Structure formats: structure tokens, C-alpha cells
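Trainee: Got a minute to go through this model with me? I'd like to start with one residue and work outwards.

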Amino acid sequence: MDYSSSRRTDRHTRSPCSPEKTRKEIMTKGSSGMEVILTSLENTRDLQTILNILCILNELLTVGGGRRVGVFVSKGGTAIVLQLLVQSGKEASPSEELMLHLHSLLAKVGPKDRKFGIKARLNGALNVTVNLLKQNLQNHKLLLPCLQVLRVYSSNSVNAVSLGKSGVVELMFKVIGPYSKKNTTLLKVALDTLAALLKSKMNARRAVDRAHVPALLAIYQDWHRNDTRHRHMLIRKSILGCIKNITNIKLGRKAFIDADGMRILYNTSAECLPVRTLDPLVNTSSLIMRKCFPKNRLPLPTIKSVFHHPLQHVPASGPVAQLYSQPPGVDDVVDESDDNEDTEVDTENDTENEEDEKDPRAQNDDIETDINKLRSRQVLTRPFEELRVYERFFREFSEDFQDCEFESGKSTSPSASDASKPLRSIIIPTAHSTPRPLTDPRNKPPRPDKGEPPRLKDTPVDLDSISISKAPESKLELELVQGLSQLLLDASQSVNGGCGGEGPQEESGEQAVLEVPDTAALLPLHDPDLYLVMVKGTCSVPGYTEVAYPDYFGHVAPNFREHILERVYGVQRSKIFQDIERLIHPTDILDKVVYDLDLQSCPVIDDGECLKFNSQFESGNLRKAIQVRKFEYDLVLNSDINSNHYHQWFYFEVSSMRVGVPYRFNIINCEKSNSQFNYGMQVLMYSVQDAISGSPRWVRTGSDICYYKNHFSRSSIAAGGQKGKSYYTMTFTVTFQHKDDVCYFAYHYPYTYSTLKMHLQKLRALRTPQIYYRQEQLCETLGGNCCPLLTITAMPESTGNDHICQFRNRPVVFLTARVHPGETNASWVMKGTLEFLMSSSPLAQSLRESYIFKIIPMLNPDGVINGNHRCSLSGEDLNRQWLTPSAELHPTIYHTKSLLQYLTAIGRTPLVFCDYHGHSRKKNVFMYGCSIKETVWQTNVSASSSDLQEDLGYRTLPKLLSQLAPAFSLSSCSFVVERSKESTARVVVWREIGVQRSYTMESTLCGCDQGKYKGLQIGTRELEEMGSQFCVALLRLRRLTSPLELRNHHTHLLDMESDLIETRCNITCPTTYVMEEDEPAFLEEVDYSAESDEENDPDADHAHLDPSSDPEFTHQDSLT
Ligand SMILES: [Zn+2]
């Protein structure tokens, strides 16, 4: 045989095969031993010599491990051996020994050579191995190394397609077979090769066509039955790996269902569950079953919101026009298409996707790179004449107080109705203070029972401060008074049972008296009677007449710690198995609708066999409840009004429960791809029985909580055009403690619009002669509600010129909150801020003397009232409208922006702007700000940025907060400007209004993983403390930025400031770039979903399917 064919010598003309030359090369200084051996192999033509060299190499690489293989690959060994293989393959009867040696060697090298697949294909080696296999199916000695090499070939997707065409899929099915203790190594390799081949859709289709799905299932069952001592778990796992890849295609899933795959994998998994070492089998089975679970549509007539609010002006291209232009029934068609229909490379073309390295900067796609867009452009886009109307909101700039009598303080005394109440100074919210125990309500005279309206005598009816100025006020007041009796009837009814007037009283037989807990001492801003009055003035789209107990009674933060839950191993898996059981044992499923807003009458079934649900009250959001098993309910949330999606927020009432029984609740139409419910967050529950016995409070509750992708198909219309998306299930289990209780569940501590109005009324009553407080209506919302605007500062010390001048010229701090209704935590932080600002502490007085505060505590009242998660009644996210807000569609944003534009126009640009938000996927409290330099740094366009000048002042406030507020985490802050955020308040106020310190402050919904509250879930006390510490930070900021004060204490303060901005030095490694402020990069690596798209799953190892099996899973979301 002549192994040096012409082709090979052609390629190597530069090293002719003369013995002298070879020897010289061998002796060349610097040549490694490996090079010597390879050169010899390449140049020899003698079979025996070749065999000897291959022998040596095999031994060398066996002993030397990875390092020697690396040298072999780097010296071009792979190609030399592959060429040798191809040459030998051309022989009529190649030496078996040679083939054995070559394949053994390639089997060792292949897995370590990243380009092995391409090299093999380009050298034409694939067919040599395949032909050899075909001829030696019974020759196990040769078969094993050939299969090992084939396994490496197949891991390349292009090779997989071409091997499939050569019949290798069929070939593998000939090799694998029923249970046998013989040749298990061979079998394992064949199965892995098959699994790799089946990643190609074409091959998967081929396997389905030839009825291999039932065959694989039969083989799996055979192994499951016979491998009783679990010695061959890996083989069983490889069989599942094949099934997993076949079921990536729709036909494969169908074949799996037709072959009774669900039942087979369900039953085998159930038998594997007790053996922990078999977890990988259970997990892979679960993954396959979830993928194959037939997709259902949500049990709804339409996914559009139940409630419709007609807009006066519907822009043709807006979301509302789109929503209602679709023919009925189109909106939630089940989409069975594969998730990755268009992404898989399945062609014969040599698209070398194996080297498809991800662009490390791809994740930075969203960062703004246009320097001009990053530069502030304080151009006045509107003529000043147009803005002049906003002058009336800034009376403090012109007020001269000439009519004031400072001694008596009368000019600022509360209104008559308020004045009748004793002024009680409020306590600055801090999480240190522990609430005093409540007085036992049983010792109190009973409050009104069912027949009697609650006491009214000290209920202020004075709503003028927030009445709608367009309406004649006297008339409005009259209506309010007239409507009061109606309100009270409604209210008393709801107070006595919430839903349909049935509640604890009725069932307890003896007409028990509802005792309103006396929370006045603990909740100075809460007044149940006043709350009812406020509710009456609140306009909801559904026209709610009921009041939820928690909002009526108020919430006293518990004084025990609520720890972030440690997840119990296997929770998600067991929940998913319970879901799969619905398919396996369909007769066990009740499927009884017990609450349904889509039915006009919303029938209340009361057969004693099911829970009663209700959410027809402010901020309520439950559309449907279906009893699936005796103690398990599927719950469907309503979409935001005038929208067909955005559901996450929930708030509903449950009654008629049994005591001591665990109930499982599944919210089945969640949308976000991950949630803090996977990382220790619990739902909130409020028990009315607890409330009337002295503990009116929301508590974190629920066990077996998890959040995972379910089998309800999400219409592409509701998923931004993406096909094949699913909804997510948030599941939790609760055991009720009290008989005849009425309990409420919420996503986070509710804070309704009526609560805000009540708090503002009470805050106003706290004015002292030192406090300048004004409350005005900024505008009316689409739903006819008032958007309050507050002005808080200190009264001037006197009417003297200097004092008036100081008063008028205080810098403006502009604060907003609750643009996103589902982020109730933002309102609690705002409450803390407002309480601080109205408190009598010297710090608060000092702060008021330093600034004029303009505050819009609720930018989206309509969304809050109607239980929306994200949008206003226009069906749009208001925090994406700041670039060009519409006066008709986004009045609150339009007018808030106008106020800011007015301020800039008169040269009073705010010193600080901050918009309070809540964050559903991260822990702690943190800020997003805007910095040109940090943005530019992230994009690595450093060349153009070196000359950028930027004041580092934007870092001072977050830095101060990290020193003052225990929940605040500086390392979670980001100052990068993203393109997708160009229409948010933060970016527009920074860029257009020119506020350098323009922030979004994000508070966790879950808890903290640093600082004093590490490991604890967040509560209202901590949120309110955050709001008050924000004020303290502003006071320090003032001291740092006031030129006057700097002059007085220059040395000390300058040191402090440079200390504060010491970030100057570490600023070169700026804060972690966060992808999206509301949906940050998915940093917590958890495979909780059943993606059909398994391309990122190289070795099918699903040991980490349950995140709790991964020790690193818990706190990975903190940015580092
Ligand atoms: Zn938000």
C-alpha cells in the first residue's frame, strides 16, 4: 500500500519525503517530540511503521491526558490522522487493524479538538467511518471506536444533517436494542450519537416517520423494568435524551402523545422519585412531559380585559386601536408552532455555526451610543406663553405672605373640619420603632353592626382640596353629601362580608358585631370612616361599590421578622407533576368555575364544597377562579384595561374556607419569564379574623411557592408578535387558621388611590405654622379622577424681605411615584417621604427650609383603582410616554412634564428629580441614574469620550443613600442610558429638562440580600423608612451642594464631598450594566421552564432542573 498518495504529496511539496530531510527535521532544534512523531507518521508509507506510530500515539495520549492531546491538536495531528483515514478508506479492503488504531486515536482526540467536526467533514472522513460501521455491525471490537468517533462527528449540526442522509439514524437504531447487560458501553455511545443526530429537525422527522418514538419508549420501559439496581442510569438517561430531542419538533411531540408517552414517563418517574440518584431521569422526563403537554388556551372567551373604557380619542396606530380592530377570537389562538421554528440551522450549506461565538457586546445593544442623544438638549420645545398657565401651580415663587400673621399661624392652620381634631405629630417612619400592642378591641364599645352605618360624626366631608376644579365645587359637594347615605349602605354591606353581604357575621349565627380595630394610635394617617368617604369619590371603570377590609381597617406592620424563604428541594418538580396528573387522570379534575367576571351575573356558587372568591373592589384583580381539585384552584388575572396582557399584580378575597387544610392556588396567566417568587418571596395575606382580634395586618404567607412556565399558550398578539410563547404559573399553598374567615391575597402590600387620598387628607391636618403645604389638582385622569400635586416647604421665618427671598429661591426637588400600578411598594416609600416632610422633627424642618418639594404621589390613579399592573386606561405604559405625552391620552404625564418645562423656562430647573418604582426581579432598593461617561464606557467607545466633561454629582445621592438607608444597595445602581428607556421619566427629565440628578428609585418586592435586612422580606415599615431616609439624604445633599454652607465650613465639607465622590477612582469600572430597569438580565440561572429550544443544553444534564439542587441559585441576582 502506498499511503503517500499524490494528493498528499502535493499538499506537502514544501517538505519532500526524502529520508535525509526527515531526519534533519527531526533533529531541528525546537521541534517537540510530538512534531517528530507526527512528521514521521505523515511521511512514512509502510503499514507496519504506521501501525507502530499509531500505537505509540495511542499510548502517549492515553497516559498524558488532556495536555498531550492539546499538543497533538495544536501540531495538526487531527488532520494528519484524518487524511490517513481517508486514504485507507479508499483501499478495496483496508486493514482492520489500521482502522481500529485510527479510530481509537480519533476517539481520544475528537472531544478535545473544537474543530474536529469541520476537519472531519472537510477531509471527507465522515463516510469512511459510516461505511466501516455498516460493514462491521457485528464486529464489536471495531464498532466501539467507530461509534465513539461518530459521536463526535454528530455533535456538529451540519455533520448531523449529512450523517442522517447517509442513513446513520437507522444504523443507530440497529445498534441499540432491548435491555442487555452486554456491551453497555457500546450502547451508551450509540445512544449519545443518536441523541446528537436527533437535534437536527430533519433527523428527528426521519425518526418519527419510521415509528421510532414508540420504539424508544419501549426501550426505555424495558431498561426501567430490568435495571432494578440502577447500575445503568446513564443509559436510561441517554434514551431520554433521544426522546427529548425528537420532541423538539411538533411531529415528535404528537408521536410522543400518540405513543402514550405521557403516561409512560409519568409512571416511570413516579417510580424513580424515591431514589435520589435517579433525579436526572425524573428531571429529564419532566422536561419532556412539559414540552409535550398539549397547549391549551386560557379558559377565557377573550384575553382582552373584561372591562372596556371608551377613549375619546383613539389614535389609529395606538395599542387600543390595534386591540379592538382584531376580529373576535383571533386574539388567543393556540399556537402550536415550535419555539425555534426559524432559528435552527438545518441546511446542507456549510454555515459554520459551530464557531458562532456570541458577540460579547451583543448584550449591550440597548445602550445609547449617540453622543448627541446623550448630551442634554435643554431646548424649549414649547413657547413660554403656552407654559405660562402652569404658573398657578407655583404660587410659592411669588407669595409675599403680607396677609399672614406669623405669630398665630392662622394662615396655615388646617381647615375647620381638620381643626376640630387634635393635632398629633407623626413619628418619622423608621424600621427601628416597634409598634405598641393594640388595645384589645373587645374592651371597646362595639362599632356599628350590619344594620347601622359606621359612625360619621367626625368624618370630614371636605374634599375641596382635591375636588375637580372644572366642576362647580358646591354642586360636587352637594352630590357627595347626598351620595353619602348610599355610600354608607354600600359600605356597611361590604364591611359585613365583602361579597354579597355574606361573611363571618351571617354564618356565625349570633349576628356578631364587627369590631373595627382601633389602629388610630399606630396608624395616625388611617381612618376607616374617612376611607369610606374617599372611596365614594373614586371613579372606577367597573363602578365598584365594595370596599376591601384591609383597605378599610388599615395595615399595622407586624413586629416579627419575615425571612426570605429557603426553597425546599423538589417543590417545583412536584407541582409540575401534579399539573401533569391532570392529563394522566382527567377524571380527578373538577374543572368547576367558581368565580367569573366574564359572566354578567358572576354567579356565586355556594354548595359548601368550594371557596368563594371576590375581587370587585378598588385595585382588585381576579377574573376567574376554577376549582380543579377539591383543594386546588386555578386563578386567572384580568388584563390591564384596554389591553390584552400585562398581568402580574393580584388582589382578591377568599372566604368559605376550611380550617387546617392546605389549599393550592395557581395563578395561571403570569407573563414575566421569572419572578422573585422563585427566590424566597411569599404572597401577602390579610385575615379579617386576625384584624378584628387585634392584628390588622398583611403578613407574608404561603408555602410550596414557585413560578414556572405552564402549558397555557400565549397568543402571539399578546406576546409582542412572538410565537410559541407560554404563560407562567405562580403557585402557592396556604392553610387557613380561622373558621369563617375572610382572607385577602395580594402580590404586594396594596395601596389604593382612596388610601392615598385619605393619607393626604390626614397629612394636611398635620400642618403646623412652620409648614407650607398646598394640595392642588394637577389634572383629571381619563377615568375622571383627580391627580393630586403637593407643594411642601417651610413657611418663611417672617415676612421680611430676606426671609421671603430665601423662601422663594429654595431649590426645587421634584418627586413622583406609582406610574406603574402594580408597584405598590413605590407608594409605601412615598408615604414615608411624605410623613417625613410633614413631621415636626428638626431635621424635617431643616429639610423644608432647604427645598421646595413638588410631589405627584400617584402618576397613574386610574391604573391603581382598576387593578391594572402596568398601564393607564389608554392601555399604554405611561412611563414610555415622556418623550411626546399626549394631553388627551396621558394627561398626568403631559402636565407633569409641563410643570418641569415651566420650571426650566423660568430658570428653576429642579436640583433632583426622582420617580419611585418597584422591581419585581431584584432584591434591595437601588437607583438608576443617567451619566454620559458611564454610558459611553459601557459601549467601549472610549476614544470619543475622553474629552467629555461630566459633573459626578449624580453619584452623590445614591452614595448618601447607601450610607443612610439599610435597604439601599449602591452596587445595584446603574447610570447607563439605554435606548429602550429614552421615553422614561428618568431619561427625558435628564436630557430634555436638564436635571442632572434624575433618577428612578427601584424598591424590591421581595427583600434584601445585603445590609441590616439581609435575608428578610421587605415590609411596609422598611419601605417607609426608605422614603424617610431619602429625605435625610436630600438634606445632606443640600449641605454638600450649598455654596453658602460650603463657604462656611469649606474644609470639612469639601473633604466629605470628595469622600463621597471617591467613586471617581473606581468609576473606571462603573456599575454593572442592567439590561432593563423593569426586567433586568436574567441573572439567576434556573432552568424552571420547559423550553422546546434546548440548543443551549449541550449535555442534556438536567440535574439542575430544580433550582434548589443548585447551591448557587439562591442569591445570584445581586449584581457583582
Ligand atoms: Zn416601574
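Trainee: Is Tyr-646 buried, partly exposed or exposed?

Mentor: Tyr-646 is partly exposed, with a relative accessible area of 23%. Buried means under 20% relative accessible area, exposed means over 50%, and partly exposed is in between (1.4 Å probe, protein chains only).

Trainee: What should I know about the model before we go on?

Mentor: This is a predicted model, where local features need pLDDT of at least 70, side-chain atom pairs count only at pLDDT 80 or more, and totals for chains, interfaces and linings use all residues. Residues are numbered from 1 along each chain as its sequence is written, and side-chain values use heavy atoms, with hydrogens and water left out.

Trainee: OK. Where is Tyr-646 found?

Mentor: In the loop between β4 (632–636) and β5 (651–655). Strands (E, at least two residues) and helices (H or I, at least four) are DSSP runs, numbered from the N terminus.

Trainee: How far apart are the C-alpha atoms of Tyr-646 and Arg-870?

Mentor: They are separated by 6.3 Å, yet the two residues are 224 residues apart along the chain.

Trainee: What does the side chain of Arg-870 meet in a salt bridge?

Mentor: Glu-823, at 4.0 Å, N to O. A salt bridge is a side-chain nitrogen of Lys or Arg within 4 Å of a carboxyl oxygen of Asp or Glu.

Trainee: Which parts does that pair tie together?

Mentor: Glu-823 lies in the loop between β14 and α31, and Arg-870 in the loop between α33 (861–865) and α34 (891–905), so the pair ties together parts 47 residues apart in sequence. Glu-823 is buried, with a relative accessible area of 7%. Arg-870 is buried too, at 10%.

Trainee: New topic, the zinc ion. What are its protein donors?

Mentor: His-820 (ND1), Glu-823 (OE, listed twice) and His-917 (ND1), lying 2.1 to 2.3 Å from the zinc ion. Donors are N, O and S atoms within 2.8 Å of the metal (3.2 Å for Na, K and Ca); water is not among the atoms, so sites may look incomplete.

Trainee: How are the donor residues spaced in sequence?

Mentor: As H-x2-E-x93-H. Glu-823 sits in the loop between β14 (812–817) and α31 (824–838) and His-917 in strand β16 (residues 912–919), so this pair ties together parts 94 residues apart in sequence.

Trainee: And α31, how many of its residues are buried?

Mentor: 15 of its 15 residues are buried.

Trainee: Switching again. How many salt bridges does a search of the whole structure find?

Mentor: It finds 36. One of them joins Asp-192 and Arg-151, with the closest N and O atoms 3.4 Å apart. Asp-192 lies in helix α12 (residues 184–197) and Arg-151 in helix α9 (residues 140–154), so the pair ties together parts 41 residues apart in sequence.

Trainee: Last one. Which residues touch the most other members of the largest nonpolar core?

Mentor: Phe-613, Phe-665, Phe-745 and Met-1001, out of 130 residues. A nonpolar core is a set of buried Ala, Val, Leu, Ile, Met, Phe, Trp, Tyr and Cys residues joined through side-chain atoms within 4.5 Å. Helix α39 (residues 1020–1041) gives the most to this core, with 10 residues.

Trainee: Where does this core lie, and why?

Mentor: Domain 3 (571–746) and domain 4 (761–941 + 950–1074) both give residues to this core, so it lies between them. The domain bounds come from an automatic or database domain assignment.
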